[in-house]
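Visitor: I have the structure open and I'd like to know what the labels on it rest on. Can we take them one at a time?

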Amino acid sequence: MKEMIEKPHAIMFPYPLQGHVIPFVNLAIKLASDGFTITFINTESIHHQICQSRGINPEKGDIFLGARASGLDTRYATVSDGFPLGFDRSLHHDEFFEGIMHDFPTRVDDLVGEMVRQDPTINTLIVDTFYVWPSSIARKHNLVNVSFFTEPALVLTSYYHVHLLKKNAHFASSTRNRSDEIDYIPGVKSIATADLPSYLQAEECDTNTTVHRIIDRCFNDAKKADFMLCNTVEEFEQDTISALQENQPFYSIGPVFPPDFTKNRIATSLWTESDCTPWLDTKARGSVLYVSFGSYAHTSKHVIEEVANGLLLSGVNFIWVVRPDIVGSDHPEVLPVGFEQQVEGRGLVVPWCCQMEVISHRSVGGFLTHCGWNSILESIWCGVPLICYPLLTDQFTNRKLVVDDLKIGINLCDKKLTPSRKGVAERVNYLMRSEEIKQRMKEIGKILVDATEKEGSSTVNFNRFVEDLMARVAMNKGDVNDN
């Protein structure tokens with residue numbers, strides 16, 4: 001542990017979605033292991049879902065209990081997002097995020113103010129980049145403002161330079177949006193409009209939607225952050241990262257999960273996890289395809305049916321996570337009638353599982369994914385090649401990194417098409433047999449692992465961030481004393 005002038009104490013606020021909570025928890029443990037005191041804040045809704053998935057009384061639940069027992073100074077609290085616990089946030093997406101944008105900041109301000117009054121050692125605020133309020137609350141309470149972006153730098157810079165997209169009529173044009181290649185974003189040689197995050201693609205012209213207003217406000221706010229952290233690897237996106245570093249202090253510190261991330265996990269799952277290990281133990285090495293479309297995005301019943309029939313045709317062993325609300329909260333039955341009986345023995349369908357345990361198992365040889373960034377980083381670490389079917393937001397840009405840049409996966413279908421059962425079967429069989437992609441994944445995996453070693457880029461960047469942060473904390477404290 002480094003010697004520090006003053007022990008840093010950071011309040012951490014993840015965005016209330018599982019894909020954001022996971023890297024925030026991992027970063028909290030990483031910081032606490034480096035000497036920080038961490039006060040981690042979940043919304044009450046996320047907290048209750050996590051406790052419910054594990055059969056724990058929410059009044060007694062504390063996801064950092066094990067971390068504290070191991071000697072880490074990690075504290076835990078919750079805050080209301082302004083909606084009843086029974087409110088369906090997925091079904092009423094816009095209403096929920098309007099509340100997160102307008103009502104939630106006041107609740108956060110009250111909570112942070114009370115915490116700072118009770119514990120003046122708090123000196124840092126680490127907040128998800130997708131919140132609209134960090135700079136004003138950090139400034140009000142004299143806290144160092146750290147923005148943590150849980151997705152890759154290519155996604156960040158697309159949002160960061162949305163004004164250039166507008167200026168060049170690739171987005172929010174008053175007439176017809178251009179659809180040619182984009183070659184003017186700093187640090188990005190070229191990117192297709194179809195590879196931008198979905199909210200910036202040409203079809204999305206109404207900038208008055210809830211999501212577009214959040215994006216506009218949160219990235220303007222992020223530019224005011226004292227420091228920006230990104231869950232990516234410098235070697236994967238060197239030019240993009242270098243360009244971003246010209247704007248503000250920016251540190252690529254990914255992947256933030258610990259090397260033994262498949263063990264001793266802190267609870268972050270919003271659903272009860274099925275134990276797939278006994279089933280996987282019966283299968284040959286590399287023979288199982290893992291299929292999951294993540295914790296948030298939705299798709300259509302037609303897509304689910306085509307994937308199901310494609311898996312039938314492929315003859316490949318598979319585990320398929322079919323989330324209860326994958327089509328929608330009001331469509332719980334989405335698989336073709338009799339599907340599970342038809343694949344009995346070689347296919348296992350579960351509502352949710354511990355993804356880390358599955359993809360690190362020796363029998364898993366491929367992953368059909370929605371291209372969530374957590375899933376991609378975990379797959380690279382475990383050496384599991386990818387079939388990409390992006391559904392929403394950053395996933396289209398992540399697909400570009402996987403297929404076009406890193407070359408560790410393939411597309412399930414052409415960008416603008418929905419998958420066909422025949423195409424699914426062909427792509428699955430190709431991936432599971434491709435020695436070329438497996439070898440490429442080993443090469444990229446080594447880069448990822450090397451970045452986390454003692455002299456690796458992510459470790460060096462993390463250490464530099466801690467040093468720079470402590471200098472800023474000392475400066476803030478000096479400003480207060482001078483006043």
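Guide: Sure. Let's start with the second largest pocket, at about 540 Å³; bear in mind that the model is predicted.

Visitor: What makes residues count as lining the second largest pocket, and which lie nearest its centre?

Guide: A lining residue has an atom within 4 Å of a pocket point. For the second largest pocket 26 residues line it, and Gln49, Arg89, Ser90, Trp271 and Asp325 lie nearest its centre. Helices α2 (44-53) and α4 (93-102) are the elements giving two or more residues to that lining.

Visitor: How many residues of each class does that lining have?

Guide: It has 12 nonpolar, nine polar and five charged residues. Of those named above, Trp271 is nonpolar, because Trp is on the nonpolar list. Arg89 and Asp325 count as charged, since Arg and Asp are on the charged list.

Visitor: Why is strand β11 called mostly covered?

Guide: Buried means under 20% relative accessible area. In β11 (residues 364-369), six of its six residues are buried, so the label fits.

Visitor: How do you know that β11 pairs with β8 and with β12?

Guide: Pairing takes at least two bridges. Five bridges join β8 (residues 288-292) to β11, and three join β11 to β12 (residues 386-388), so both count as pairs. Each pair runs parallel. Valine 288 has valine 364 in β11 as its bridge partner, while threonine 369 stands opposite cysteine 388 in β12.

Visitor: And what does the chain cross through on the way from β11 to β12?

Guide: Helix α15 (residues 373-382), in a right-handed β-α-β crossover. It's called that because, with the strands pointing away from you, the path over the helix runs clockwise.

Technical notes. Residues are numbered from 1 along each chain as its sequence is written. This is a predicted model: local features need pLDDT of at least 70, side-chain atom pairs count only at pLDDT 80 or more; totals for chains, interfaces and linings use all residues. Side-chain values use heavy atoms; hydrogens and water are left out. On a 1 Å grid over the protein atoms alone, a cavity is a set of points where a 1.4 Å probe fits but cannot get out, and a pocket is an open set with protein on both sides within 12 Å along at least five of seven lines; lining residues have an atom within 4 Å of a point. Grid points are joined across faces, edges and corners, and a volume is the space filled by probe spheres set on the points. Helices (H or I, at least four residues) and strands (E, at least two) are DSSP runs, numbered from the N terminus. Buried means under 20% relative accessible area, exposed over 50%, partly exposed in between (1.4 Å probe, protein chains only).
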